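This briefing introduces one protein structure to a first-year student. Please keep the sequence and the structure in view while reading the points below.

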Amino acid sequence: MDLNLDSMAANAASAGGAQEEAVKVLIIGSGPAGLSAALYAARADLEPVILTGMELGGQVSLTFSVENYPGFPEGIGGMELVELFQKQAERFGARLEYDLAGEVDFSERPYKVLTQNGKRYLAESVIISTGASAIHLNVPGENEFTGRGVSYCATCDGWFFKDKEVMVVGGGDSAIEEGLFLTRYADNVTIVHRRDELRAGAILEERAKSNPKIKFAWNTIVEEISGNGAVQKVKLKDTQTGDQREEEIDGVFIFIGHKPNTSLFTDQLEMDKNGYLVVDNRMQTNIPGVFAAGEVADPHFRQVITSAGMGAAAAIQANHFLEENPLDNK
Ligand SMILES: Cc1cc2nc3c(=O)[nH]c(=O)nc-3n(C[C@H](O)[C@H](O)[C@H](O)COP(=O)(O)OP(=O)(O)OC[C@H]3O[C@@H](n4cnc5c(N)ncnc54)[C@H](O)[C@@H]3O)c2cc1C
């Protein structure tokens, strides 16, 4: 990969925007993982800088209510929760920069990160917490009703659908697993799949087919989600006949895939076959001093608490790394 960070920085300089800053810890991403890493790094006097990216607070800031983060017995708004994370990290000296990492060069220390605003960071260590994004259906109503009946996480939101009717969109392992999980709460779960057979494994398929609360809408796609303040209806289309129909529903759970935000690190960091960063049990990537935490390195748990825990662990390890590996010129 031809990074050419020097010429990008020079271009930014000639455009009047170049700046360079040496930092001990640069954190890329401001979701639960990044902000927890920031808290721990700040309390270790490492004066971390956090590049927020486009979504300050990360995915959880999109959700109306979080009921499974300990310490808030009545639940807490997603945005409110991450604002508390941010305040706590800032109290100990973490600094948030409203900027995005545009290019990275991890070939030697200090590691170089060039931002979209044309600033170049020279970082003794880096914590990557750029998260992941659920793949969207991109149908009318989906964004409008996210957190109001549209969900990408059964563990997070299933409880809100006690005795209700929900749909699960998708036909892979996670759609079926999450659909089965939702039967604990919902009265009925309809799995909407665009083909006439599942991609999920045979055991999961068998479990779903024998569950009396689950039914299937084969060869069907969702065309629109609508409601009044919360989801009430979906418009469906039969992919074979083209027939359209409307169904009343309380919730739509979308599991058509999940994509880690790692394209920035292609050819520099080891990834698994799905693009998640590979870390050891100390959050270390294949490059010493470059750590990864949260959903960017976690295809399994995908929760605020697990992401925050990984962020804390990454910062503790970054502190050890810096103690053991001071840069020669320092
Ligand atoms: C609608 C919804 C509801 C949810 N509800 C719950 C819940 O109730 N309970 C629960 O435990 N979990 C919930 N989750 C899951 C939870 O939000 C995630 O597990 C958690 O946010 C992951 O944290 P993270 O820090 O790893 O990544 P993310 O939250 O994905 O944050 C990634 C961060 O990286 C930044 N970023 C990306 N690219 C760049 C770049 N190039 N440069 C700089 N920054 C970058 C983004 O701006 C963002 O700040 C929910 C998720 C969604 C979508």
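Glutamine 284 has a relative accessible area of 18%, and because the cut-off for a buried residue is under 20%, glutamine 284 counts as buried. The model is a predicted one. The points below begin with glutamine 284, then turn to helix α3 and to the ligand.

**Glutamine 284 and its surroundings**

- Glutamine 284 belongs to the loop that lies between strand β16 (258–260) and strand β17 (290–292).
- From this loop, the side chain of glutamine 284 reaches the backbone oxygen of isoleucine 287 at 2.6 Å.
- When neighbours within four places in sequence are left aside, glutamine 284 is in contact with Val278, Val279, Gly289, Val290 and Phe291.

**Helix α3: length and end**

- Helix α3 consists of 14 residues, numbered 78–91.
- At 1.5 Å a residue, helix α3 should span 20 Å, and its end C-alpha atoms are 20 Å apart, so the expected span and the model agree.
- Glycine 93 follows α3 and has a positive phi, near 105°.

**Helix α3: its two sides**

- Which residues of α3 are buried? They are Gly78, Leu81, Val82, Phe85, Gln86 and Ala89.
- These buried residues cover an arc of only 140° around the axis, and therefore they lie on the same side of α3.
- The buried residues of α3 pack against three elements, namely α2 (32–43), β3 (95–97) and α7 (304–324).
- The face of α3 that is turned away from the buried side carries Lys87 and Arg91, which are exposed.

**The ligand and its shell**

- How many residues surround the ligand? There are 31 of them, and the closest are Glu55, Gln59, Asn68, Glu295 and Val304.
- Helices α2 and α7 each supply at least two residues of the shell around the ligand; both helices also pack against the buried residues of α3.

**Polar atoms close to the ligand's oxygen atoms**

- A polar backbone atom of glycine 31 is 3.5 Å from an oxygen atom of the ligand.
- For threonine 130, a polar backbone atom is likewise found 3.5 Å from an oxygen atom of the ligand.
- In glutamine 303, a polar side-chain atom lies 3.0 Å from an oxygen atom of the ligand.
- On its own, the ligand has 1000 Å² of accessible area, and the protein covers 93% of this area.

How values were computed: Residues are numbered from 1 along each chain as its sequence is written. This is a predicted model: local features need pLDDT of at least 70, side-chain atom pairs count only at pLDDT 80 or more; totals for chains, interfaces and linings use all residues. Side-chain values use heavy atoms; hydrogens and water are left out. Helices (H or I, at least four residues) and strands (E, at least two) are DSSP runs, numbered from the N terminus. The expected span of a helix is 1.5 Å times one less than its number of residues. Buried means under 20% relative accessible area, exposed over 50%, partly exposed in between (1.4 Å probe, protein chains only). The arc is that of the directions from the helix axis to the C-beta atoms. Contact means heavy atoms within 4.5 Å. A residue is near a molecule or strand if one of its heavy atoms lies within 4 Å of it. A polar contact is a pair of N or O atoms within 3.5 Å; within protein, one must be able to donate a hydrogen and the other to accept it, and residues adjacent in sequence count only if both atoms are side-chain atoms. Accessible areas come from the Shrake-Rupley method with a 1.4 Å probe; for residues, only the protein chains shown count as cover.
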